[in-house]
Amino acid sequence: MNRPEPALGNPRNTIAVLNQYRFVFQKKYGQNFLIDTHVLDKIISAAQIGPEDFVVEVGPGIGTMTQYLAYKAGRVAAIEIDKALIPILEDTLSGYDNVTILNEDVLKVDLCRLAEEENGGRPIKVVANLPYYITTPIIMGLFESHVPVESITVMVQKEVADRMRTGPGSKDYGALSLAVQYYARPDLIANVPPNCFIPRPRVGSAVVRLTRHEKPPVEAENEAYLFQLIRASFQQRRKTLVNGLNHAADVLVPKEKFEEALKKMGLTPDIRGEALTLPQFAELANLTWELQKTLHRDL
Ligand code: SAM
């Protein structure tokens, strides 16, 4: 089948489709559709889509970016929660024989299984203009459930893009920065203003590409424990690191042992979590893991 060139993305065509189907935007689903062909071109080129790729798109909307993806990729699975969009997608994507539309909540889809069944377990690419209300669970779900993913190229809220890329010393630094940087290299592709969407979001947006590390940049004896410490450290930002950890229900190591570990690392006991780098969090986790394991076993 000869695949048609993408036609949506042009605001006039998008509005025609919306009117034809009398589509009503659902705020609860974070629906802001892209109407800028330059931005779409940038996303597709950053994701480096080619005929060998199996791409998962989260939230295809009326199929604007899906057309661009389907034009270039081997195969595309587009996961859309809003059932009102399904007949529209069936129409706008009817020219492409390499797209599967799934009417599902992405957070409930077993993406490991999808990658296994549809791509023989080989790494997939995720590309999306994300629904902003679930950006973090989507990204963390992809990483933590070990979906074989080569890269994630996504439109997110500008502030979230900043959080993903920053390090200690910035107000944006937090658990998301550390988690993203543990699993991937984040690159800013473009800043995108509200007028590139219909309806216009109230916040600025940015496209980021997360390229998965072949091996994490630090070695954690136990990954889950490392992330327990990271999450607990940022739960109460104004507390010292040790006090934050002391209040976390799942961290069993007593305060004095963390103070000892910090001393060993050459850090003061009143340091805040936001001052620690990823290698320092990993060292703290590795220094206290044996004790956490023993205490957990004795529960
Ligand atoms: N990709 C389209 C575009 O760029 O024009 C639409 C992007 S819009 C920001 C987000 C899309 O995600 C909407 O179509 C929305 O219905 C869908 N969505 C929201 N929550 C979802 C979920 N839990 N699972 C799957 N899709 C979801």
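This report describes the sheet, a helix packed on it and the two largest pockets of a predicted model.

## The sheet

Seven strands make up an open sheet of mixed pairing, and their order across it is E4-E3-E2-E5-E6-E9-E7. Its edges are strand E4 (99-102) and strand E7 (184-192), each of which pairs on one side only, and the twist from one strand to the next averages 15 degrees.

At the E4 edge, strand E3 (residues 75-79) runs parallel to E4, the two being paired over four bridges; within this part of the sheet, alanine 78 stands opposite isoleucine 101 in E4. Helix H5 packs on the sheet, where it touches strand E2 (54-58), E3, E4 and strand E5 (124-129), and the direction of H5 makes about 145 degrees with that of E2.

## The largest pocket

The largest pocket holds about 350 Å³ of space. It is lined by 16 residues, of which Lys27, Gly30, Asn32, Pro201 and Arg202 are the closest to its centre. Sorted by class, the lining comprises eight nonpolar, five polar and three charged residues.

## The second largest pocket

About 170 Å³ of space lies in the second largest pocket, whose lining consists of Leu102, Glu104, Lys108, Val109, Asp110, Arg113, Leu114 and Glu117. Helix H5 (residues 111-119), the helix that packs on the sheet, gives the most to this lining, with three residues. By class, five of the lining residues are charged and three are nonpolar, while no polar residue takes part.

Terms used:
Residues numbered from 1 in each chain as written. Predicted model: local features only at pLDDT ≥ 70, side-chain atom pairs only at ≥ 80, totals over all residues. Heavy atoms only, no water. 1 Å grid on protein atoms, 1.4 Å probe; cavity = no way out; pocket = protein on both sides within 12 Å on 5 of 7 lines; lining within 4 Å. Points joined across faces, edges and corners; volume = space filled by probe spheres on them. Nonpolar A, V, L, I, M, F, W, Y, C, P; charged D, E, K, R; others polar. Pairing = 2+ DSSP bridges. Axes fitted to C-alpha atoms, helices over the stretch in contact; angles between N-to-C directions. Contact = heavy atoms within 4.5 Å.
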